[in-house]
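I opened the notebook today to go through two protein chains, one after the other, and then to look up two single residues. The entries below follow the order in which I looked things up.

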Amino acid sequence: MRSRVARPSFSLGRTGIYLALGLGAVVFAYPFLWMAMSSLKPEMEITSLALWSSHLGLHNYAQVLRKIPIFRALLNSVVVSATVTACVVVFGSMGGYALAKLRFRGSRPLLAVILFTMLVPMHVTLIPTYILMVKLRWTDTYLALITPFAVSGFSLLVFRQFFLSVPNDLIDAARVDGCGEFRILTRIVWPLSRPAMATVAILTFMSSWNEVLWPLIVIKKFDLMTLPQLVTIFAVGGQAEAQLGMKLAAATLLALPIVAAYVFLQRYFIESMATTGLKG
Amino acid sequence: MRGLRKRNPRGQARAASWMILPYALHFLVFLAYPLAFTFVLVFHRWDVFTPMEWVGLANIARLVRDEWFLRAIWNTLVFVVIHIPLQLILALFFALLLNEKIRGRTFFRATYFLPVVVSGVVVSFVWLQIYSYESGLLNQLLALLGLPKLPWLTSRALAMPSIAIMATWKNVGLYIVLFLAGLQSIPSYLYEVADLDGASGWQKFRWITFPMLNPTVVLVIVLSTIGGFSLFIEPYMMTDGGPENSTLSAVLYIYRQAFDFYRMGYAATLGFAFALMVFAVVLIQRRVSEGEAA
């Protein structure tokens, strides 16, 4: 990345390059800016292409808050995504540690099984998992939203890969001192693996926060809906009575937390996905 | 060191089994069981409320003659065939630009990446406003340029391409970043040697950059194939499969069979068949790319 020697120059010329890059930036950013600004406009001015209006205000947000339990949905989403992320990081690092640093029978077949399960598309397990939730009477509970995502083979692989680079001497020294494997993991390996934990946490939190198909299937009670689910139902269903401004406000509220996180952790978001090639 | 590691192999094995336990339980409950159950469902009719009924191969016989499913697969293919090349070209284009010596690389990269992190629900909803016929942003822009309005989501011919363009806009940032990483891993001495030989910019791209990027291209194609075939939330939110079912995707069709009509057995059969197809497509892609590499 650093110390870049001259690369073959694009035939566009410098102005052309900046022009293309700038146009790209407008194309990617404008829709979100438009959404956020329009949610502050009165209904009459919303469809205008312009971002600014002299009548900006929070009236749409006030109405959304009155109409749908959006704070409850926000709370649900935070609880679900935080729990899923914590579980995936803890369980994933446990499994990854066992695969990377412990000798036990079946560790190779286990690795093969994990790789295979990552290829199984979600369409196959969707319906039986839903039926399982019905049988367990877990529909309309947090359990249905959390348990299917609480462990991921993907996280085991990321942690295993990272833990392989932790020196064995360090772990053996702790063993000689009589340290148990769980304590070695939490006291020695975890503090050394912040980058891997950040990668797994960001990818998991993001995909959990944005998940909408599964909540639509297992949650029917308004009180338990996640934010994306509630916004989907609100924006698609007739709840808003064609009030575009309210729908835009709801969509903005859904985008806001993840965009805020992205603004502060931008580098980590991009690196997480660039190194794993996954959107979570 | 080996001796030390072997000090307490039994203790290690016991610790390992505890550490693997969460994954093992999760695997049994949420993967092995559902897969086995799907296989059972394929041979049954079941509406969730009444007991299961054995129907033998009736679901499969029905699937073979299901014109709607064919239609849904065709629509999904249309989407994938527009989406993947468009995505590859745009991602490569922007990655090449960003790889130049420019100011503000971090800003541009972060901006292009923004749609990747935002929920598909938000993106679908905003693009619904962009594509709207009467007052959509795109048609307003066309009007400013003195061009006629286009029925982006309301005509059979344009609806699926419109969704494919939107999906490209949403995901291309990820692939830009992947290509950029690929470009920066190309050793610069290759270009220096080419410069000594007097190669032109295009020749360097054709004979150094492009071949060296091959692994990234394969990765991008495989990832966007899997992503493309699971197309659901965009048509679900934006067109509800219309107009005239032109945006009914395979996953949307399966979802409707299961959760609108409660045909669990048939939906499981569809899911199984579709997963096999996607699996086959990815395998073929890998074969082809390995064949090219060899």
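Entry 1, burial in chain A. I began with how much of the chain is covered, and found that 51% of the 280 residues of chain A count as buried. I note here, before going further, that this is a predicted model, and I read each value below as computed from it.

Entry 2, fold elements and extent of chain A. I then looked up the secondary structure and found 13 helices and zero strands in chain A, so that, read from the N terminus on, the elements run α-α-α-α-α-α-α-α-α-α-α-α-α. The radius of gyration of chain A is 23 Å, and because the globule rule gives 19 Å for 280 residues, which is well below that value, I noted the chain as more spread out than a compact globule. Along the principal axes, the C-alpha atoms of chain A fill a box of roughly 75 × 65 × 35 Å.

Entry 3, contacts, surface and charge in chain A. Taking the contacts between residues at least 6 apart in sequence, I found that 70% of those in chain A join residues at least 24 apart. The accessible surface of chain A comes to about 12800 Å², and carbon and sulfur atoms account for 67% of it. I also looked up the charged side chains of chain A, which are 24 positive and 11 negative, with the centres of the two sets lying 6 Å apart.

Entry 4, a serine in chain A. Is S93(A) buried or exposed? I found a relative accessible area of 0% for S93(A), which makes this residue buried. S93(A) is found in helix α3 of chain A, which covers residues 70–101. I also looked up the separation between S93(A) and I70(A), which are 23 residues apart along the chain, and their C-alpha atoms are separated by 34 Å. With neighbours within four places in sequence left aside, the residues in contact with S93(A) are V88(A), F159(A), F163(A), L185(A) and W190(A).

Entry 5, a tyrosine that touches chain B. Which residues does Y18(A) touch, not counting those up to four places away in sequence? I found I102(B) and R103(B). Y18(A) is found in helix α1 of chain A, residues 13–38, and at 30% relative accessibility I recorded Y18(A) as partly exposed.

Entry 6, fold elements and extent of chain B. I turned next to the other chain and found 14 helices and two strands in chain B. The radius of gyration of chain B is 25 Å, well over the 19 Å that the globule rule gives for 294 residues, and therefore I noted chain B, too, as more spread out than a compact globule. The C-alpha atoms of chain B fill a box of roughly 80 × 75 × 35 Å along the principal axes.

Entry 7, domains of chain B. The domain assignment gives domain 1 as 1–33 and domain 2 as 66–120 + 158–293 in chain B. Taken over C-alpha atoms, the centres of these two domains of chain B are separated by 37 Å.

Entry 8, burial, contacts, surface and charge in chain B. Of the 294 residues in chain B, 52% are buried. Among contacts in chain B between residues at least 6 apart in sequence, I found 64% joining residues at least 24 apart. The accessible surface of chain B comes to about 13900 Å², with 67% belonging to carbon and sulfur atoms. Chain B has 23 positive and 15 negative side chains, and 14 Å lies between the centres of the two sets.

Methods:
Residues numbered from 1 in each chain as written. Chains lettered and ligands numbered in written order. Heavy atoms only, no water. Domains from an automatic or database assignment. Helix = DSSP H or I, 4+ residues; strand = E, 2+ residues; numbered from the N terminus. Rg over C-alpha atoms; globule rule 2.2 N^0.38 Å. Buried < 20%, exposed > 50% of the residue type's maximum accessible area, 1.4 Å probe, protein only. Contact = heavy atoms within 4.5 Å. Areas by Shrake-Rupley, 256 points an atom, 1.4 Å probe, with all protein chains shown as cover. Lys, Arg positive; Asp, Glu negative; His and termini not counted. Charge placed at Lys NZ, Arg CZ, Asp CG, Glu CD.
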